[in-house]
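Please open the model in the viewer and keep the sequence panel visible beside it. The tour below proceeds by selections, each followed by a description of what is found there.

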Amino acid sequence: MTVVVVIVTALLSAAALLALFRIVRGPSLLDRVVATDLLLAIIVGAVGTEAAVNRHATTLPILVVLAILGFATSVVVVRFAAREDS
């Protein structure tokens, strides 16, 4: 179990670093929005992994709020960007 946790942590950390790199260096606003949504999904995955490893469901409301927040934020920013283009 420890090996799986280490591998998952390493993969999530690498993905988070790549998403942060895209947020900083993204050439456009939409690239940064997608990277931010990806980073939030990685955080949801990390919190879910922690809940699975420790076998508790107390973080389930946090996961739901983070997922809704990520979806709503992405939709709002994309709608805002689409209005500026047209």
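Is Thr-59 buried or exposed? Thr-59 is buried, because its relative accessible area is 11%, below the 20% limit that defines a buried residue. Before continuing, please note that this is a predicted model.

**Confidence**

Colour the chain by pLDDT. The protein has a mean pLDDT of 89, and 97% of its residues reach 70 or more. Among the elements of the protein, the highest mean pLDDT, 93, belongs to helix 1, and the lowest, 85, belongs to helix 3.

**The loop between helix 2 and helix 3**

Return to Thr-59 and display its side chain. Thr-59 is situated in the loop between helix 2 (29–54) and helix 3 (60–85). With neighbours within four places in sequence set aside, Thr-59 is in contact with Val-47, Glu-50 and Ala-51.

Next, select Arg-55, which lies in the loop between helix 2 and helix 3. Arg-55 counts as exposed, since its relative accessibility is 74%. The backbone also deserves inspection here: phi of Arg-55 is near 55 degrees, a positive value in a residue other than glycine. Most residues other than glycine have a negative phi.

**The two annotated spans**

Select residues 29–48 and then residues 60–82. Both ranges are listed by UniProt, in an unreviewed entry, under "transmembrane region". Residues 29–48 are 100% helix and 0% strand, and the C-alpha atoms at the ends of this span are 29 Å apart. Residues 60–82 are likewise 100% helix and 0% strand, with 33 Å between the end C-alpha atoms.

**Along helix 3**

Begin with Leu-66, a residue of helix 3. At 18% relative accessibility, Leu-66 is classed as buried. Which residues does Leu-66 contact, leaving aside its neighbours within four places in sequence? They are Leu-40, Ile-43 and Val-44. Draw a distance from Leu-66 to Leu-40: the two are 26 residues apart in sequence, and their C-alpha atoms are 7.2 Å apart in space.

Move to Leu-69, also placed in helix 3. Leu-69 counts as partly exposed, with a relative accessibility of 47%. A second distance to Leu-40 may be drawn from here: the C-alpha atoms of Leu-69 and Leu-40 are separated by 8.9 Å, and the residues are 29 apart along the chain.

Continue to Ser-74 in helix 3. Is Ser-74 buried or exposed? Ser-74 counts as buried, because its relative accessibility is 15%. Apart from neighbours within four places in sequence, Ser-74 is in contact with Val-33 and Asp-37.

The last selection in this helix is Val-76, which lies in helix 3. Val-76 counts as exposed, at 55% relative accessibility. Draw a distance from Val-76 to Ala-14: these residues are 62 apart along the chain, and 28 Å separates their C-alpha atoms.

**The surface patch**

Finally, switch to a surface display and select Val-3, Ile-7 and Leu-11. Together, Val-3, Ile-7 and Leu-11 make a nonpolar surface patch of about 310 Å². Of these, Leu-11 is found in helix 1 (residues 2–25). Leu-11 is exposed, with a relative accessible area of 59%, which places it over the 50% limit for an exposed residue.

Key: Residues are numbered from 1 along each chain as its sequence is written. This is a predicted model: local features need pLDDT of at least 70, side-chain atom pairs count only at pLDDT 80 or more; totals for chains, interfaces and linings use all residues. Side-chain values use heavy atoms; hydrogens and water are left out. UniProt positions are given in the numbering used here, feature names are shortened, and annotations may be inferred rather than shown by experiment. Helices (H or I, at least four residues) and strands (E, at least two) are DSSP runs, numbered from the N terminus. Patches are made of residues with over 30% relative accessible area and no salt bridge: like charges are joined within 9 Å, nonpolar side chains (Val, Leu, Ile, Met, Phe, Trp, Tyr) within 5 Å. Accessible areas come from the Shrake-Rupley method with a 1.4 Å probe; for residues, only the protein chains shown count as cover. A salt bridge is a side-chain nitrogen of Lys or Arg within 4 Å of a carboxyl oxygen of Asp or Glu. Buried means under 20% relative accessible area, exposed over 50%, partly exposed in between (1.4 Å probe, protein chains only). Contact means heavy atoms within 4.5 Å. pLDDT is the predictor's confidence in each residue, from 0 to 100.
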